[in-house]
Amino acid sequence: MNVLITGASRGIGREIAKRYINKSDKIYAIARDKEKLNELAQKTDKIIPVVLDLADIEKTRESFKNLDEKIDLVIANAAISLPHSSDFTPFDDFKKTFDINFL
């Protein structure tokens, strides 16, 4: 089984990746933090680190356009939180948060 996990560099995503090591053939671990992904990948050769900012939808599409392997399971774990106030949140901040967390 091949697994793709977003937000895999820390927190819940990182722990999910660790738990799938014995249940999968390959784990595509996606996140922005190259150092944390490489640290995770040192645990096993099953983990393939993919440094990617999911907010860049074109780069995200391009990154997996020519993937030769079938992905059996996608765990969409990536999420962000930007500072905001109760009075006003700039639209660009709202859109970025919404795009990553929901789309």
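## A tour from E69 outward

Select E69 to start: this residue is partly exposed, with a relative accessible area of 29% (buried means under 20%, exposed over 50%, and partly exposed in between, using a 1.4 Å probe and protein chains only). You're looking at a predicted model, where local features need pLDDT of at least 70, side-chain atom pairs count only at pLDDT 80 or more, and totals for chains, interfaces and linings use all residues. Residues are numbered from 1 along each chain as its sequence is written, and side-chain values use heavy atoms, leaving out hydrogens and water.

Now add K26, which is partly exposed at 29% relative accessibility. The side chains of E69 and K26 form a salt bridge, 2.6 Å from N to O (a Lys or Arg side-chain nitrogen within 4 Å of an Asp or Glu carboxyl oxygen). This pair links distant parts of the chain, 43 residues apart: E69 sits in the loop between α3 (57–64) and β4 (73–75), K26 in strand β2.

Zoom out for a moment. Following the protein chain from its N terminus, you pass β-α-β-α-β-α-β-α, which gives 4 helices and 4 strands (DSSP runs numbered from the N terminus: helices are H or I with at least four residues, strands are E with at least two). Of the chain's 103 residues, 29% count as buried.

How many salt bridges does a search of the whole structure find? There are 7. For another one, select R10 and D33, whose closest N and O atoms are 2.9 Å apart. R10 is in the loop between β1 (2–6) and α1 (11–19), while D33 is in the loop between β2 (26–31) and α2, 23 residues apart.

Next, pick E39 and R14: their side chains meet in a salt bridge at 2.7 Å, N to O. E39 belongs to helix α2 and R14 to helix α1, so the pair ties together parts that are 25 residues apart in sequence. Is R14 buried or exposed? R14 counts as buried, at 10% relative accessibility, whereas E39 is partly exposed at 37%.

Jump to T44, in the loop between α2 (34–41) and β3 (47–51). T44 is buried, with a relative accessible area of 15%, and a polar atom of its side chain lies 3.2 Å from the backbone nitrogen of K46.

Then select P49 in strand β3 along with K34. They are 15 residues apart in sequence, and their C-alpha atoms are 7.9 Å apart in space.

Last stop: L103, in the segment after α4 (91–102). L103 counts as exposed, at 76% relative accessibility.

Notes. Polar contact = N/O pair within 3.5 Å; in protein donor to acceptor, adjacent residues only side chain to side chain.
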